[in-house]
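Subject: Structure handover

Hello,

Here is the structure I promised to pass on. Please open it first, then read my notes below.

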Amino acid sequence: MNPRPIIVRLDISSGEIVDHDPDTPLVYWDDYAVTRGDGVFETVLVRQGRACNLQRHVERFHSSAELLHLPPPQQQLWDAAIRRAAERWEQENHCDGAMVWTYTRGRASTGQPSAWISVKAVSAEQLAQRQHGVAVLTLPRGADDSSPRAAKTLSYASAMAALRQAAAQGMDDVIYVAGERVLEGATSTVVAVTGSTIRTPEPKGDILPGTTQAALFSYATAHGYSCETGDITVSELEAADSVWLVSSVRIAAQVTSIDGRPTRGQDTANAAAIQTMITAALG
């Protein structure tokens with residue numbers, strides 16, 4: 001039986017934090033999250049009663065809100081709600097959790113932003129992908145995906161459609177490309193490792209900054225690795241010692257094949273070292 005989710009609602013106008021029953025409605029019919037997908041979110045790993053890699057998530061959350069011209073998040077209120085949700089999850093479950101911060105433009109009838117935090121169990125699929133890796137399909141980013149790429153917005157329909165397309169072809173995940181140039185995963189950052197050099201596409205324009213990738217680069221640099229951002233091609237991914245999709249909750253999933261072609265280094269010491277290092281970087 002899956003653990004019961006934790007829901008904490010933030011009342012932006014009063015500054016109150018309220019525990020919410022996950023089996024009762026939360027969002028109104030005229031909330032712009034529902035009618036327009038107008039809002040931002042962050043997904044954060046909860047481990048041993050705390051939100052991991054917190055400051056990087058906070059910074060990206062504020063940046064996303066600014067790009068969508070949402071009122072700046074009241075960080076003291078969010079901090080209290082994050083602590084409350086993480087501590088409740090640990091008290092009730094004692095396992096990794098997937099925490100999501102949701103901040104929307106709110107109800108059309110009130111003009112007040114809506115905000116809540118949820119924590120649920122990391123899915124069995126994500127846990128399996130941590131251990132066994134993923135087969136990926138390369139796809140061009142959809143022409144209808146007009147959301148600002150530097151913001152983590154609620155407009156995720158195109159990403160979900162891409163993942164369904166991959167599943168229909170027997171694959172687990174997607175790497176977006178522009179011609180031969182690698183962009184990012186549908187819900188992750190792409191990282192390639194060759195020897196002691198770790199590379200990722202530069203997070204700008206059509207590539208969202210990755211919080212887990214940033215933590216990895218900081219940790220790896222301190223441990224003697226050379227970390228680089230810049231253009232990467234699909235051919236370079238295929239030639240790398242190992243390739244990873246890194247994200248907050250799944251943490252690190254090694255890419256085992258690209259468009260049906262096996263990648264290198266699936267059982268090497270390099271791969272084991274990178275996975276250990278990513279986990280350590282998140283604390």
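Of the 283 residues of the protein, 48% count as buried. Please keep in mind that this is a predicted model.

Overall form

The radius of gyration is 19 Å. A compact globule with 283 residues would have a value near 19 Å, so the two agree. Along the principal axes, the C-alpha atoms fill a box of roughly 55 × 40 × 35 Å. The fold holds eight helices and 15 strands. Take the contacts with a separation of 6 or more: residues 24 or more positions apart account for 70% of them.

Surface and charge

About 13000 Å² of the protein is exposed. Carbon and sulfur atoms supply 51% of that area. There are 24 positive and 32 negative side chains. The centres of these two sets lie 1 Å apart.

The six-stranded sheet

One open sheet has six strands. Their order is β2-β1-β6-β5-β3-β4, and the pairing is antiparallel. β2 and β4 are the edge strands, as each pairs on one side only. In general, strands of a sheet pair through backbone hydrogen bonds.

Here is a walk across the sheet, pair by pair.

- β2 and β1: strand β1 covers residues 6-11 and strand β2 covers residues 16-20. Five bridges join them, in the antiparallel sense. L10 stands opposite I17 in β2. The two strands form a hairpin with four residues between them. In the turn, G15 has a positive phi of about 80°.
- β1 and β6: five bridges join this antiparallel pair. V8 faces I117 of β6 across the pairing, standing opposite to it.
- β6 and β5: strand β5 spans residues 97-104, and eight bridges link it to β6 in the antiparallel sense. V100 has S118 in β6 as its bridge partner.
- β3 and β4: strand β3 runs over residues 39-47 and is joined to β4 by two bridges, again antiparallel. β4 itself is residues 50-51. V46 has its bridge partner in β4, at A51.

Which strand here is largely enclosed by the rest of the structure? It is β6, residues 114-121. Six of its eight residues are buried, so the label fits.

Two residues to look at

Start with V182. This residue is in strand β9, residues 181-185. Is V182 buried or exposed? Its relative accessible area is 1%, and buried means under 20%, so V182 is buried. Leaving out residues up to four places away in sequence, V182 touches I175, Y176, V177, V190, P201, I207, I232, T233, V234 and L237. Q48 is another matter: it is 134 residues from V182 along the chain, and their C-alpha atoms are separated by 35 Å.

Next, R141. Where is R141 found? It is in the loop between β7 (134-140) and α5 (157-168). R141 has 17% relative accessibility, and the cut-off for buried is under 20%, so R141 counts as buried too. R141 and A115 are 26 residues apart in sequence. In space they are 29 Å apart, C-alpha to C-alpha.

A viewing order

Begin at the β1 and β2 hairpin, with G15 in its turn. Go on to β6, which pairs with β1 and with β5. Then find V182 in β9. Finish at R141, in the loop between β7 and α5.

Best wishes

Definitions and conventions:
Residues are numbered from 1 along each chain as its sequence is written. Side-chain values use heavy atoms; hydrogens and water are left out. The radius of gyration is taken over C-alpha atoms; the globule rule is 2.2 Å times the number of residues to the power 0.38. Buried means under 20% relative accessible area, exposed over 50%, partly exposed in between (1.4 Å probe, protein chains only). Contact means heavy atoms within 4.5 Å. Accessible areas come from the Shrake-Rupley method with a 1.4 Å probe; for residues, only the protein chains shown count as cover. Lys and Arg count as positive and Asp and Glu as negative; His and the chain ends are not counted. The place of a charge is taken as NZ of Lys, CZ of Arg, CG of Asp or CD of Glu. Two strands pair if DSSP finds at least two bridges between them.
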